[in-house]
Amino acid sequence: MLDPVSSPRLTAGAAAGRWRAVLARDPAADGRFVFAVRSTGIYCRPSCPARRPRRDQVSFYGGPAEAERAGYRACRRCHPREDSMHDQQATLIRQACDFIERAPDAPPSLAALGRHIGYSPYHLHRMFRRFTGVTPRQYAEAVRGRRLRGGLGAGAPVTDAMLAKAGADDWLMRRGNFANWGFSTLDQINTGNVGGLRLAWAWNMELGYQEEAPLAHEGVLFLAQPRNVVQALDGRTGDLLWEYRRELPKVEGGYHNDLFSRARGTIALHDDKVFLATADAHIVASTRTLVK
Ligand SMILES: [Zn+2]
């Protein structure tokens with residue numbers, strides 16, 4: 001019943017890093033993975049005070065659910081199923097973001113923000129940066145910029161220069177740039193913290209065939225979908241900001257219906273518009289007037 005194989009896709013280097021965190025009883029690793037001990041059938045959080053097992057008895061899992069699926073029981077000393085420190089911190093930082101978003105005019109001071117979530121200004125600054133990749137001030141400036149341009153996420157016009165040299169924060173065309181890279185230069189997620197990523201929100205897309213990667217501009221995700229539907233979502237919350245639907249002609253026969261239910265790389269951003277190459281062979285340009 002006990003599965004000797006660790007989580008799939010864990011490289012030898014990543015496993016070695018996890019083992020080091022276990023040996024160090026590193027509390028910062030809590031919530032990022034759990035380790036399971038074959039001889040006892042028990043899994044623990046990395047910081048568990050219990051005696052360390054032999055390395056060859058240990059396998060790693062992304063979280064409690066995964067370890068339990070492999071047949072392990074939760075340790076009674078470190079209670080790995082309870083909210084980890086990491087999750088609690090993430091929740092608090094999320095509350096700090098909301099506090100900034102709701103502040104009517106001037107951004108709240110570090111002290112006020114810290115009081116709101118119960119952190120000292122110093123600790124808040126450090127944790128905020130660790131979870132969001134920016135400082136509270138930078139976050140507040142981004143919120144303010146969005147407000148000044150009117151409407152959540154309407155976004156600055158997309159220029160030729162921006163398309164030619166997109167910043168790492170944006171993903172303005174299907175493959176990221178004209179050189180067809182297909183990968184992002186963002187470095188906020190790395191091998192050290194990727195295990196701590198959690199699902200923030202989910203979204204039901206239109207019925208059909210799709211492997212669509214959204215375009216991203218100033219925190220708004222533009223999603224081309226089957227049957228001539230384009231949606232703009234708030235990347236942080238998953239809220240729907242804007243939608244375009246173009247009615248399809250009635251057609252007989254499977255071939256055309258099949259064609260209508262596919263979408264891939266059918267949108268582009270330029271100036272203040274979203275362009276859609278429709279399934280019924282039109283090009284539609286629509287202004288990105290987003291509603292809150
Ligand atoms: Zn334990």
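Domain bounds, as used here, come from an automatic or database domain assignment. For the protein chain that assignment gives domain 1 (12–74), domain 2 (85–148) and domain 3 (160–190 + 211–287). The C-alpha centres of domain 1 and domain 2 lie 32 Å apart. The structure is a predicted model, in which local features need pLDDT of at least 70 and side-chain atom pairs count only at pLDDT 80 or more, while totals for chains, interfaces and linings use all residues. Residues are numbered from 1 along each chain as its sequence is written.

The term pLDDT stands for the predictor's confidence in each residue, from 0 to 100. Its average over the protein chain is 82, and 90% of the residues score at least 70. Over residues 1–7 the pLDDT stays under 50, and the model has 19 contacts beyond four places in sequence for this stretch. Two residues are in contact if their C-beta atoms, placed from the backbone, lie within 7 Å. Where pLDDT is low, the predicted coordinates should not be read in detail.

Next comes the chain as a whole. Taken along the principal axes, the box filled by the C-alpha atoms of the protein chain is roughly 65 × 55 × 30 Å. Among contacts between residues at least 6 apart in sequence, 55% join residues at least 24 apart. Of the 292 residues in the protein chain, 26% are buried. A residue is buried if 20 or more other C-beta atoms lie within 10 Å of its own, exposed if 12 or fewer, and partly exposed in between, with C-beta atoms placed from the backbone. The protein chain has 8 helices and 13 strands. Helices (H or I, at least four residues) and strands (E, at least two) are DSSP runs, numbered from the N terminus.

One sheet is built from β1 to β4. Its 4 strands form an open sheet in the order β3-β1-β2-β4, and the pairing is mixed. Because β3 (58–61) and β4 (73–74) stand at the edges, each with a single partner strand, one side of each is left without a neighbour in the sheet. Two strands pair if DSSP finds at least two bridges between them. Strand β1 (residues 34–37) and strand β2 (residues 42–44) run antiparallel and are joined by 3 bridges. One of the bridge partners is Y43 in β2, which is matched with A36. Ahead of β1, in the loop between α1 (12–23) and β1, lies R25. Although R25 is not a glycine, its phi is positive, at about 50 degrees. R25 is partly exposed, with 17 other C-beta atoms within 10 Å.

Helix α5 (residues 121–132) allows a check of length. The expected span of a helix is 1.5 Å times one less than its number of residues. For the 12 residues of α5 this should give 16 Å, and the end C-alpha atoms are 16 Å apart, which agrees. Just after α5, G133 takes a positive phi of about 85 degrees.

Further along, N180 is found in the loop between α7 (160–164) and β5 (209–210). N180 is not a glycine, yet it has a positive phi of about 65 degrees. With 9 C-beta neighbours inside 10 Å, N180 counts as exposed.

Another open sheet has 3 strands in the order β11-β12-β13, with antiparallel pairing. β11 and β13 (283–287) are its edge strands, each pairing on one side only. Neighbouring strands of this sheet are turned by 25 degrees against each other on average, direction ignored. Such angles are taken between axes, which are lines fitted to C-alpha atoms, for helices over the stretch in contact; angles run from 0 to 180 degrees between N-to-C directions.

Strand β11 (residues 267–270) pairs with strand β12 (residues 273–277) over 4 bridges. Opposite H270 stands K273 in β12. L269 faces V274, and A268 faces F275. β11 and β12 form a hairpin with 2 residues between them, and D271 in the turn has a positive phi of about 55 degrees. On the other side, 5 bridges join β12 to β13, where F275 has A285 as its bridge partner. This hairpin has 5 residues between the strands, and A281 takes a positive phi near 60 degrees.

In a regular strand the side chains alternate between the two faces of the sheet. In β12, V274 and L276 make up the covered face, and K273, F275 and A277 the uncovered one.
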